[in-house]
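Me: I would like to learn how to read a structure feature by feature, going from the general idea to the particular case. Could you take me through the one shown here?

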Amino acid sequence: MMNYVCQQCKEPLQLDASLVELSPSQYDMIATSLPSSPSSHTKHISDVEQPTPQHPSSSSSKAVWRHANNPENIRHTALAHGKQLQRNYPAPNESFVILQDSVIHNIPSQLPSAGSAGVITNTGHPNNTTKGGSASTSPPQPEPDHPNPTPISHHLRSTMRLFNLLSSRTDIDHPLCAECTQILLSSLQRKLDETRKERDGYIAFDKEVRKEKERESQETNRDEVEHKIERLKSEERAILDQLKFVEREREQLDEELRALELEERALDEEEADFWRLRNDQQLASANQTSLLVSLRAAYAADYATYERLERTNVYNDAFCIGHDGVFGTINGLRLGRVPGAPVEWSEINAAWGQTLLLLFTIARKLDFTFENYRLVPMGSFSRIERTVGDKATYELYGSGDLHFGRLLHNRRFDFAMVAFLECLKQLMDYVKSQDSNIEFPHQIIKDKIGEASIKLQFSQEESWTRALRHVLLALKIMLKWTTNGGSG
């Protein structure tokens with residue numbers, strides 16, 4: 001088994017597994033990522049290391065040179081240039097082709113011959129390079145084809161081919177161990193940084209020199225510059241005068257603005273007062289409107305009640321005159337007696353009290369005063385008083401008690417009924433005098449109305465009941481005429 005040693009520290013090496021199965025595409029990718037040849041690299045280095053021209057000896061040039069060699073400026077320039085170089089170099093893995101193992105094994109390998117590749121020593125170091133020396137410039141010769149190479153020989157040829165390529169394209173002999181590789185990378189990185197700093201120093205120096213030349217060329221036009229300065233000063237004075245004028249105008253505008261702000265605050269307060277008064281007026285108007293609506297509603301209700309009351313005859317409700325068989329009734333009380341239907345004297349007396357009250361009410365409404373008599377309505381115990389002569393009082397109520405005084409009482413009761421009939425006749429004559437169109441069906445002559453006597457003593461009850469019914473009919477006619485406004 002072939003052993004490899006590091007070409008720097010001579011320590012044994014163990015190859016990485018990625019180098020065992022190296023495909024042709026991977027090999028081509030590594031070859032394209034390497035520089036073309038050491039000679040071109042050496043030429044580039046020699047071009048960089050050519051002596052530069054002598055620095056200017058003037059003090060301004062020396063200051064420019066010190067500014068250009070400032071480490072901070074060199075660092076910024078190096079960073080910018082390093083980014084530019086990273087953008088310029090193409091990535092080696094941008095294009096490759098992956099081939100299958102069957103295709104790779106069937107491709108005849110073109111390995112360099114033993115004579116051109118160099119003799120492998122026991123340590124695995126190729127003899128075509130020396131430590132620290134340059135690689136051979138002769139290209140590797142094609143190796144005779146092996147019709148069926150074994151896997152070990154195939155891997156050896158591929159590995160040797162890769163190491164020969166790396167050694168021929170660079171100034172370093174390969175293979176190298178990891179420690180030596182890291183040391184080499186650090187050394188190369190340090191040299192690269194120094195070279196970049198030196199390059200950036202030259203670039204900065206070149207820029208400063210150019211600026212210095214431009215300044216020297218501008219000094220020749222001093223008169224033109226002085227004239228320009230005078231013109232700029234005059235423009236400055238004009239601008240300052242304009243600025244002062246603008247400041248005075250600004251102060252005036254500020255005063256006007258303050259006055260306007262005071263006026264605005266006064267207007268705001270006035271507007272607030274106006275809106276407050278307007279709101280109060282609206283509230284008062286709303287209250288007045290609601291009050292007016294309520295008054296109108298109350299007026300409408302009261303007017304409807306008034307019309308209803310106006311159409312209502314209160315006298316008809318207070319004195320409801322009708323009949324119940326042969327009896328005349330007033331407010332449901334029967335007035336009279338018949339043998340087949342006896343009526344209590346309490347009901348008859350109450351009916352006479354209502355009848356006397358009706359006659360009294362009609363006379364008062366018509367503003368009529370009876371002659372010789374005064375009506376005293378007192379319910380079941382009403383009476384009529386004579387105002388002339390003996391000024392006697394007649395009770396308008398009867399009694400059914402059986403005693404001697406009953407005869408005298410019935411006689412006074414008859415006088416009271418005759419006096420009532422006389423008062424009724426006076427009122428009927430007054431109504432006829434007021435309205436000749438009114439007609440009463442029964443005439444009153446002394447104690448009779450319609451041929452029926454109103455006296456109870458020495459008369460039949462049927463005749464007395466009929467006379468009372470005629471009295472109620474005459475009162476009903478007069479009540480209707482009175483309530484209809486017939487009195488004029």
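Reply: What follows is a short walk through the fold, a helix with its charged pairs, the surface patches and two buried positions.

Me: What kind of model is this, and how many helices and strands does the chain have?

Reply: This is a predicted model, and its secondary structure comes to 13 helices and 11 strands. The chain has 488 residues, of which buried residues make up 27%, and its accessible surface comes to about 33,200 Å², with 55% of that area belonging to carbon and sulfur atoms.

Me: Among contacts between residues at least 6 apart in sequence, what share joins residues at least 24 apart?

Reply: In this chain that share is 62%. One example of a pair separated in sequence is Met428 and Met478, which are 50 residues apart along the chain while their C-alpha atoms are 7.6 Å apart in space.

Me: Is Met428 buried or exposed, and what does it touch?

Reply: Met428, which lies in helix α12 (residues 404–434), is buried because its relative accessible area is 4%, and the cut-off for buried is under 20%. Leaving aside residues up to four places away in sequence, Met428 touches Phe440, His442, Ile444, Ala474 and Met478.

Me: How should I read Ser463, and is it buried or exposed?

Reply: Ser463 has a relative accessibility of 19% and therefore counts as buried, given that buried means under 20%. Ser463 is placed in helix α13 (residues 461–483), and, with residues up to four places away in sequence not counted, Ser463 touches Ala452 and Ser453.

Me: How do I read salt bridges, and how many does the structure hold?

Reply: In general, side chains of opposite charge can pair when their charged atoms come close. The structure holds 11 salt bridges, and one of them joins the side chains of Glu235 and Arg231, at 3.3 Å from N to O. Glu235 and Arg231 are 4 residues apart in helix α9, so about one helical turn separates them; Glu235 is partly exposed at 36% relative accessibility, and Arg231 is likewise partly exposed, at 39%.

Me: Which other salt bridges have partners in helix α9, 3 residues apart?

Reply: Among them is the pair Arg258 and Glu255, whose side chains meet at 2.2 Å, N to O, and whose spacing of 3 residues in helix α9 is about one helical turn. Arg258 has 41% relative accessibility and so counts as partly exposed, as does Glu255 with a relative accessible area of 49%. Another is Arg276 with Asp273, at 2.1 Å, N to O, which also lie 3 residues apart in helix α9, about one turn of the helix. Here too both partners are partly exposed, Arg276 at 46% and Asp273 at 34%. Elsewhere, Arg374, Arg383 and Glu385 are joined into one network by salt bridges that share partners.

Me: Which residues gather in a patch of negative charge on the surface?

Reply: The patch consists of Glu261, Glu264, Asp268, Glu269, Glu270 and Glu271. Asp268 belongs to helix α9 (residues 222–311), and its relative accessibility of 39% means that Asp268 counts as partly exposed.

Me: And which residues make a nonpolar surface patch?

Reply: Tyr299, Tyr303 and Tyr306 make a nonpolar surface patch of about 380 Å². Tyr306 is in helix α9, and with 46% relative accessibility Tyr306 counts as partly exposed.

Methods. Residues are numbered from 1 along each chain as its sequence is written. This is a predicted model: local features need pLDDT of at least 70, side-chain atom pairs count only at pLDDT 80 or more; totals for chains, interfaces and linings use all residues. Side-chain values use heavy atoms; hydrogens and water are left out. Patches are made of residues with over 30% relative accessible area and no salt bridge: like charges are joined within 9 Å, nonpolar side chains (Val, Leu, Ile, Met, Phe, Trp, Tyr) within 5 Å. Accessible areas come from the Shrake-Rupley method with a 1.4 Å probe; for residues, only the protein chains shown count as cover. A salt bridge is a side-chain nitrogen of Lys or Arg within 4 Å of a carboxyl oxygen of Asp or Glu. Lys and Arg count as positive and Asp and Glu as negative; His and the chain ends are not counted. The place of a charge is taken as NZ of Lys, CZ of Arg, CG of Asp or CD of Glu. Helices (H or I, at least four residues) and strands (E, at least two) are DSSP runs, numbered from the N terminus. Buried means under 20% relative accessible area, exposed over 50%, partly exposed in between (1.4 Å probe, protein chains only). Contact means heavy atoms within 4.5 Å.
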